[in-house]
Amino acid sequence: MNLDDIQPICIAGQWRLGSGALYATTYPATGEVVTQLHAAGLDDVEQAIQGAQHAFVHSGWAQRKPHERATVLYRVAQLIRERSEELAQLQRLDNGKPIKETRNLVASAAGTFQFFAAACETLEEAITPSRGDFMTMSVYEPMGVVAAITPWNSPIASEAQKMAPALAAGNAVVVKPAEITPLAALALARICEEAGVPRGLISVLPGKGSLIGDALTRHPLVKRVSFTGGTSTGKHIARIAADKMMPVSMELGGKSPTIVLEDADLDHAIAGVLYGIFSSSGESCIAGSRLFVARALYGTFMDRLVEGARGIRVGDPADEATQMGPLISAAHRESVERYVDIGLSEGGRLLCGGQRPQGATFDKGHFYSPTILEGLPNTARLCQEEVFGPVLVALPFDDEADLIDQANDSVYALAAGIWTRDFQKAWKLGRAIQAGTVWINTYKQFSISTPFGGWRDSGLGREKGRLGILQYMEQKSLYWGLNEQPIAWAGAKQ
Ligand code: NDP
């Protein structure tokens with residue numbers, strides 16, 4: 001990808017300039033222009049969907065044997081690995097994450113294609129117990145054209161998590177990446193084509209969600225939307241989907257509690273809490289942004305935690321030593337700052353951060369220091385609303401029953417963390433906390449083989465896991481008549 005050129009976008013296998021307005025993407029660490037492209041227009045959406053439907057019906061992809069589709073997807077994984085450094089650097093420019101993190105995201109994308117290739121070629125259909133003179137089967141069919149709408153915070157991994165199972169299932173897929181981070185999705189589409197995914201089966205349409213994402217969601221040929229993003233956008237999409245009776249999967253926001261019990265291993269807990277909230281600059285749906293610490297431990301723990309937060313290396317994402325890069329945009333940093341002000345106005349006390357770091361490295365980028373507040377009740381806005389930035393609120397707790405109530409007192413229920421050496425307490429808490437994922441003595445670790453998703457306002461449906469491929473398939477029952485005589489009712493003699 002030559003970033004000096006105006007980037008073509010992928011419309012049903014044709015690489016050409018979008019019909020929407022010209023815009024530039026910028027590097028969040030410096031504000032400099034990375035590249036330019038024309039956004040997709042509504043006519044591009046129509047062309048992409050019609051082309052996808054045509055490819056779905058005529059390319060033979062859906063009819064290929066599962067192991068044949070899998071062979072292509074294994075090749076996608078291999079090509080991602082061969083170009084991993086190039087892709088990691090591209091993603092760094094796209095959203096300003098530190099290079100070490102973007103390398104992990106690229107590795108995760110390759111692993112996702114490999115995993116769903118395997119899921120595809122090992123997916124079993126069932127002969128179900130018959131209750132009559134017939135044999136019954138349960139089989140799966142691809143859906144047709146599916147839309148994947150993704151946010152800016154972990155592009156290549158988010159897109160792979162939707163594209164790989166959708167393609168493995170035999171569908172065509174139209175991707176709508178966040179307007180400000182389109183490059184990883186475009187690179188991934190090129191790789192898929194090169195690996196042998198039939199042309200037309202994939203489109204990538206950068207552009208505004210309210211226009212392009214909305215048109216995709218409403219289109220009658222789109223049979224499923226897989227969405228990752230904010231809860232209010234997710235609800236909007238779900239309402240449109242309800243009118244079409246279209247299934248959706250929603251990976252939405254979070255306000256995840258992390259709980260440190262009195263007997264926790266402090267070194268592990270401190271490292272885990274810091275990583276859980278401040279990695280990815282807190283721009284992570286699963287950020288552990290509400291911290292509950294046993295009161296007896298609170299003072300000691302917070303002193304060490306604050307010291308750790310002050311030591312986090314914030315800086316140039318290209319530097320191998322950097323732990324925290326900038327926030328995605330100036331507007332997003334202002335939103336984070338507003339939340340810190342709200343926390344202070346509600347009676348919160350700042351333990352560290354709460355400001356932009358100073359120095360030449362930080363002048364032009366959207367940096368914000370790791371920030372910890374205390375003194376707020378769980379009902380405060382800062383404890384209830386998603387900041388999506390490097391802001392942690394710490395709360396001491398006395399009573400474990402009350403702790404469970406507080407931890408669960410949120411519209412969100414995406415993830416939680418528990419730090420304790422007592423496996424019985426961990427078990428009890430782990431089952432009592434309402435969340436899609438609970439980490440015990442670890443945090444923010446992922447495995448493509450383990451389902452992921454949220455409860456309540458954190459989402460609907462699950463991605464990942466061997467059965468994640470079924471999100472992109474319709475289930476069908478087959479009845480095979482084995483009766484030697486005609487059905488008695490129709491053939492009954494008068
Ligand atoms: P948004 O919901 O604003 O955007 C997500 C995607 O949806 C973008 O591509 C956006 O386009 C698009 N979009 C916006 N409006 C519409 C619409 N009306 N119809 C269809 N698509 C639309 O979220 P953010 O970009 O702000 O991402 C951050 C959010 O994502 C956070 O709340 C975070 O918690 C959540 N998230 C959840 C994850 C999970 O797995 N649970 C993982 C990562 C993030 P555009 O922005 O280009 O206009």
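**View 1. Gly 209 and its neighbours at the ligand in this predicted model.** A backbone N or O atom of Gly 209 sits 2.8 Å from an oxygen atom of the ligand. Taken alone, the ligand has 910 Å² of accessible area, and the protein covers 83% of this. Two or more residues of the shell around the ligand come from each of helix H7 (209-218), strand S11 (222-228) and helix H8 (231-244). H7 supplies the largest share, with four residues.

**View 2. Trp 152 and Gly 207 beside ligand oxygen atoms.** Here you can follow a side chain and a backbone in turn. In the side chain of Trp 152, an N or O atom is 3.0 Å from an oxygen atom of the ligand. For Gly 207, a backbone N or O atom lies 3.5 Å from a ligand oxygen atom.

**View 3. The residues that surround the ligand.** Stepping through the shell, you will find 30 residues, and the closest are Thr 150, Glu 179, Thr 233, Leu 252 and Glu 386. By residue type, the shell divides into 12 nonpolar, 12 polar and six charged.

**View 4. Ala 184 in helix H6.** Let us turn to another residue. Ala 184 belongs to helix H6, which spans residues 183-195. Ala 184 counts as buried because its relative accessible area is 3%, and the cut-off is under 20%. Apart from neighbours within four places in sequence, Ala 184 is in contact with Gln 91, Asp 94, Pro 155, Ile 156 and Glu 159. Ser 249 is 65 residues from Ala 184 along the chain, and the C-alpha atoms of the two are separated by 22 Å.

Technical notes
Residues numbered from 1 in each chain as written. Predicted model: local features only at pLDDT ≥ 70, side-chain atom pairs only at ≥ 80, totals over all residues. Heavy atoms only, no water. Buried < 20%, exposed > 50% of the residue type's maximum accessible area, 1.4 Å probe, protein only. Contact = heavy atoms within 4.5 Å. Near = heavy atom within 4 Å. Polar contact = N/O pair within 3.5 Å; in protein donor to acceptor, adjacent residues only side chain to side chain. Areas by Shrake-Rupley, 256 points an atom, 1.4 Å probe, with all protein chains shown as cover. Nonpolar A, V, L, I, M, F, W, Y, C, P; charged D, E, K, R; others polar.
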